[in-house]
Amino acid sequence: MAAVPPGSLFLGFDSSTQSLKATVLDCNLNVIQLDQIHFDSDLPHYKTKDGVYRDPSDNGRIVSPTLMWIEALDLVLQRLSKSGLDFGKVAALSGSGQQHGSVYWKNGSSSLLSSLDSNKPLLDQFRNAFSISESPIWMDSSTTAQCREIEQAVGGAIELARITGSRGYERFTGPQIKKIFQMQPDVYNSTERISLVSSFMASIFAGKYASIDHADGAGMNLMDIEKKTWSKVALEATAPGLEEKLGALAPAYAVVGHIAPYFVERYKFSKDCLVVHWSGDNPNSLAGLTLSVPGDLGISLGTSDTVIGISSDPKPGLEGHVFPNPVDTKGYMVMLCYKNGSLTREEVRNSCAQSSWETFNKLLEQTPPLNGGKLGFYYKDHEILPPLPIGFHRYILQNFNGASLEGVSEQEVKEFDPPSEVRAIVEGQFLSMRGHAERFGMPVPPKRIIATGGASTNQSLLKSIASVFGCGVYTVQRPDSASLGAALRAAHGWICNKNGSFVPIANLYSDKLEKSSLSCKLSASAGSDEVASKYGVMMKKRMEIEKRLVEKLGRD
Ligand code: 5FX
């Protein structure tokens, strides 16, 4: 295996919903520098709220300004430079993008990409590069009709899941592209290339269109997950001439090319610096958490909450997603995704805990596990899993003792007292994860859970996960596993490139995991088996109520 020259650095980015983060790893895989641009506060002129625009005139349409991501990129590089980063030492960079979001390059933009003027900011040069100025993102839920049309055209929802790893989902890029093709055919026709957020950012660094990688490509309802090629039938069901606009796919560990002269001249990167394909935030988190044992579950608590695991023989179905593993040639990752994560917890914090996490945690700790049989469903935004519209639903279970559901019935109520409301949202979110993970064939109980994402620094939440799932919860040193994973993947891509073929990622860290920033520690011990078993009974009731809610209110 090629050795990393001493002193080399690896740079990872995470272009997420609310911010752009950067993580720098040294060659011992220790984090030596971090920076972050928060879209709402650092770039207030875009007037985003939580990094997005919610369009009140189009039910469920949620977008972000594409140029904001570009401006953030110049800004984060300036900040890294000011705080002393020597870009000349960066051997390779890679990144993570919020999954499913798409960027539409106007005809003629490829020549713009390859001829950037290093005397001008990126923003000035890309102002006219896009046929759509507002990128549809993963929070969008306006494409239900397109999902059903695509499913029908390929032979049904199960068939679409079998081919692409997921049934039709509103936020997936194929249905988003179909909507644009149907509603704005001129815009579609004036687009020469469609990128994901990940391949879009990689394109800027490489000065040419970067491929969509296999892991993020699986989040489009367009890729055959077994063959790792575009699926002809899915392409045809989506829009004409699409394959040409998407370009070829590539493995996440492959190299796009050398960094563009713009960055060499403006930021003093070495011209030998490699740009490794970017991938989605969840695939990058899988890498950053070093998830490699099938019994491990990753739980990411961020703008979205996700549950991730690995599998060699996944069974795509009507729930959950299957993506190729970004750091393996054969394996897969399996995932559940919830739209109501941190922002919904924050809403309950604001209404019940005086906008303070400290008070929220106190209220959580002062209420008993199982919350006296109180169960809540909290959807501040249209939920993905289950597919339910905005709304809060609260129930009290009568005659619930945790032993069985015999004689247990539920009574719907309008509100809970603040402490019960806090416990109900937390338990509700984790019970849903446990119930759906079990139904999707993920390991329950897991051997261990590794938690990540901003909210994984909240010890009270970690304790609740441990008691709902009945296993220990571990954390890595930093909660931002997506940008850490991207920096690690930059190193992985560099080694694979120098070696001339794929190298297992564990070779990079097997002898230094404990001493590196990738090591994890036990943060919350497993709760009691008795309590976990009672949660199991409560979870069954929750899944029953959820099914009825979906029958009554859900999208078809
Ligand atoms: C995954 O399928 C999702 O939609 C979200 O987790 C986004 O990737 C968040 F960025």
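Hi everyone. A quick word on terms before we start: helices and strands here are DSSP runs, numbered from the N terminus, with at least four residues for a helix (H or I) and at least two for a strand (E). By that naming, aspartate 50 sits in the loop between α1 (39-42) and β4 (53-54). Please keep in mind that this is a predicted model.

So why start with aspartate 50? Its phi is near 60 degrees, which is a positive value in a residue other than glycine. As a reminder, most residues other than glycine have a negative phi, and most peptide bonds are trans.

That brings me to the peptide bonds. Leucine 385 and proline 386 are joined by a cis peptide bond, with omega at about 0 degrees. If you want to find proline 386 on the screen, look in the loop between β21 (374-379) and β22 (391-398). There is also a cis bond from valine 444 to proline 445, where omega is near -5 degrees. Proline 445 belongs to the loop between α17 (418-439) and β24 (448-452).

Now let's zoom out to the whole chain. It has 21 helices and 26 strands. The C-alpha trace spans about 70 × 55 × 45 Å along its principal axes. What radius of gyration would we expect for a compact globule with 556 residues? The answer is near 24 Å, and the chain has 23 Å, which agrees.

Next, the sheets. I'll take the one with 7 strands, which is open and has mixed pairing. Reading across, the order is β19-β20-β18-β17-β24-β25-β26. At the edges are β19 (321-324) and β26 (520-524), each pairing on one side only. On average, neighbouring strands of this sheet are turned by 30 degrees against each other, direction ignored.

Inside that sheet, β17 (residues 296-301) pairs with β18 (residues 305-311) in the antiparallel sense, over 4 bridges. If you like a landmark, serine 300 is opposite threonine 306 in β18. Lying across β18, β20 (332-338) and β25 (473-476) is helix α14 (residues 281-288), which runs at about 60 degrees to β18.

Let's turn to an open sheet of 3 strands, ordered β4-β5-β8 with antiparallel pairing. Its edges are β4 and β8 (134-136); each has a single partner strand, so one side of each is left without a neighbour in the sheet. Strand β5 (residues 62-65) pairs with β8 over 3 bridges, in the antiparallel sense. Here serine 64 is the residue opposite serine 135 in β8. Helix α2 (residues 66-82) packs on this sheet and touches β5 and β8, with its direction making about 40 degrees with that of β5.

A short stop at aspartate 35, which is in strand β3 (residues 31-38). Leaving aside residues up to four places away in sequence, aspartate 35 touches Leu20, Lys21, Ala22, Val76, Arg79, Leu80 and Ser83. From C-alpha to C-alpha, aspartate 35 and phenylalanine 13 are 9.5 Å apart in space, and they are 22 residues apart in sequence.

I've saved the ligand for last. Which residues are around the ligand? They are Thr17, Gln98, Gln99, His100, Trp138, Arg171, Asp281, Asn282, Ser304, Thr306, Met335 and Cys337. You may recognise Thr306 from that list: threonine 306 is the residue in β18 that has serine 300 opposite.

Let me go through some polar atoms around the ligand. A polar side-chain atom of histidine 100 is 2.6 Å from an oxygen atom of the ligand. For arginine 171, a polar side-chain atom is 2.8 Å from a ligand oxygen. With glutamine 99 we are looking at the backbone: a polar backbone atom there is 3.1 Å from an oxygen atom of the ligand. And how much of the ligand does the protein bury? Taken alone, the ligand exposes 290 Å², and the protein buries 98% of that.

That's my tour, and thanks for listening.

Notes:
Residues are numbered from 1 along each chain as its sequence is written. This is a predicted model: local features need pLDDT of at least 70, side-chain atom pairs count only at pLDDT 80 or more; totals for chains, interfaces and linings use all residues. Side-chain values use heavy atoms; hydrogens and water are left out. Two strands pair if DSSP finds at least two bridges between them. Axes are lines fitted to C-alpha atoms, for helices over the stretch in contact, and angles run from 0 to 180 degrees between N-to-C directions. Contact means heavy atoms within 4.5 Å. A residue is near a molecule or strand if one of its heavy atoms lies within 4 Å of it. A polar contact is a pair of N or O atoms within 3.5 Å; within protein, one must be able to donate a hydrogen and the other to accept it, and residues adjacent in sequence count only if both atoms are side-chain atoms. Accessible areas come from the Shrake-Rupley method with a 1.4 Å probe; for residues, only the protein chains shown count as cover. The radius of gyration is taken over C-alpha atoms; the globule rule is 2.2 Å times the number of residues to the power 0.38.
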